[in-house]
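Welcome, and please take a moment to look over the sequence and the model before reading on. The notes below walk through a few features worth finding on screen.

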Amino acid sequence: KIPLLIDTDPGVDDALALLMAFNDPRHEIVGLTIAAGNVGLAHTVANALKLCEVAAVAPPVFAGCAAPLLHAAEDAGYVHGRDGFGDVGHPPADRHAETEHAAQAILRLSHEHAGRLLLVALGPLTNLAVALKLDPTLPQRVARLVVMGGAVTGRGNTSAVAEFNIGFDPEAAHIVFDAFARVELVDWEAVMEHGFRHADVERWLQCGSSRAGFYESISRRTRQWAAERRGERWHSADALAMAHALHPDGALEVAERPLAIELSGLHSRGATVVDWQRRGGNPDNAAILLRYDQARFEGLIEAALAAG
Ligand code: BDR
Ligand code: CA
């Protein structure tokens, strides 16, 4: 099986991505490293543990960095709920996180699975950046790094140009894009092109499984929020990244380009600056997903919710 390490800040769409990973027989989840992002670290850790409990799986969960590297950032509790899981009030899981720090766990697991590790980052990149500062040789041991983040032509979701995961901790993102020769990127603009009809989502959620029942409850608030703002379609950013990570053959169009993170700028901090015309002479370091097989994507989600 392919060893899979997921760095995540659950988060409603993180949860869907995790359910997809739990349901994949070809990958073995060797750890969940938890970032602050959508909400504070105490909540994102509790949410990861709770989701594992509901799904009756028990990968080790490691708490990571509680804040961005340099500047405080606003969380996304207004989308995901103050507790990150829709403020439904589910009781906490019985299990606790491991004592090892997420950044240390990333490094240890990269040694244990050197050359084979699939690393998927679904939140701000703080834990990965710290791991890279502790040991810059990390990329040599990672087979693939898939990141959900960015807005590759500048249509962001937290500022005019920045997407949430990158905008939350641009310095961390800079460290990661600088260190890895190739980052497989699933950006917010691709996510917007891969929405679901609300009627389909309802059908998936009403299938009667305990995973779907739980997911229906935690996602109710974000589904309403999205319906009011984006009308017709519902989107799941992290689920698209996970689909691409687990089934790269579902990608229909990928563009390889140089990508840099804007760290200053009056209006553009946190932007993912893609050199579409390759004017700067830098190497292509990002493989940007442009189009994924929508039927395949939806099938994976439906199966993930029905399982268990
Ligand atoms: C990303 O930000 C978070 O709110 C989501 O979980 C996703 O990872 C989308 O911009
Ligand atoms: Ca996320």
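## Around the ligand

How do the residues of the shell around ligand 1 divide into nonpolar, polar and charged? In this predicted model, the shell holds 6 nonpolar, 5 polar and 4 charged residues.

If you would like to find the spot, start from the residues that come nearest to ligand 1: Gly 11, Asp 13, Ala 76, Phe 164 and Ala 237, out of the 15 residues around it. Three helices each give two or more residues to this shell, namely H1 (12-22), H7 (164-168) and H12 (237-246).

## The sheet

Now turn to the strands. Eight of them form an open sheet with mixed pairing, and its order reads S3-S2-S1-S4-S5-S6-S12-S9. At the edges stand strand S3 (61-63) and strand S9 (251-257); each has a single partner strand, so one side of each has no neighbour in the sheet. On average, neighbouring strands here are turned by 25 degrees against each other, direction ignored.

## Strand S1 and the helix across it

Strand S1 (residues 2-8) runs parallel to strand S4 (residues 117-121), and 4 bridges join the two. To see this pairing at the level of residues, look for Ile 6, which stands opposite Val 120 in S4.

S1 also meets a helix: H2 (residues 41-55) lies across S1, strand S2 (27-34) and S3. Relative to S3, helix H2 runs at about 175 degrees.

## Strand S12 and its two partners

Strand S12 (residues 286-292) has 5 of its 7 residues buried, so the rest of the structure largely encloses this strand. In the sheet order, S12 sits between S6 and S9.

With strand S6 (residues 183-186), S12 shares 3 bridges, and the two strands run parallel. Here Glu 184 has Ala 287 of S12 as its bridge partner. With S9, by contrast, the pairing is antiparallel, and 6 bridges join the two strands. On this side Glu 253 is partnered by Arg 291 in S12.

## Confidence

How far does the predictor trust its own model? The protein chain has an average pLDDT of 97, and 100% of the residues score at least 70. For the model as a whole, ipTM is 0.98 and pTM is 0.98. As a reminder, predicted coordinates should not be read in detail where pLDDT is low.

Note on methods
Residues are numbered from 1 along each chain as its sequence is written. Chains are lettered from A and ligands numbered from 1 in the order in which they are written. This is a predicted model: local features need pLDDT of at least 70, side-chain atom pairs count only at pLDDT 80 or more; totals for chains, interfaces and linings use all residues. A residue is near a molecule or strand if its C-beta atom, placed from the backbone, lies within 6 Å of it. Ala, Val, Leu, Ile, Met, Phe, Trp, Tyr, Cys and Pro count as nonpolar, Asp, Glu, Lys and Arg as charged, and the others, Gly among them, as polar. Two strands pair if DSSP finds at least two bridges between them. Axes are lines fitted to C-alpha atoms, for helices over the stretch in contact, and angles run from 0 to 180 degrees between N-to-C directions. Two residues are in contact if their C-beta atoms, placed from the backbone, lie within 7 Å. A residue is buried if 20 or more other C-beta atoms lie within 10 Å of its own, exposed if 12 or fewer, and partly exposed in between; C-beta atoms are placed from the backbone. pLDDT is the predictor's confidence in each residue, from 0 to 100.
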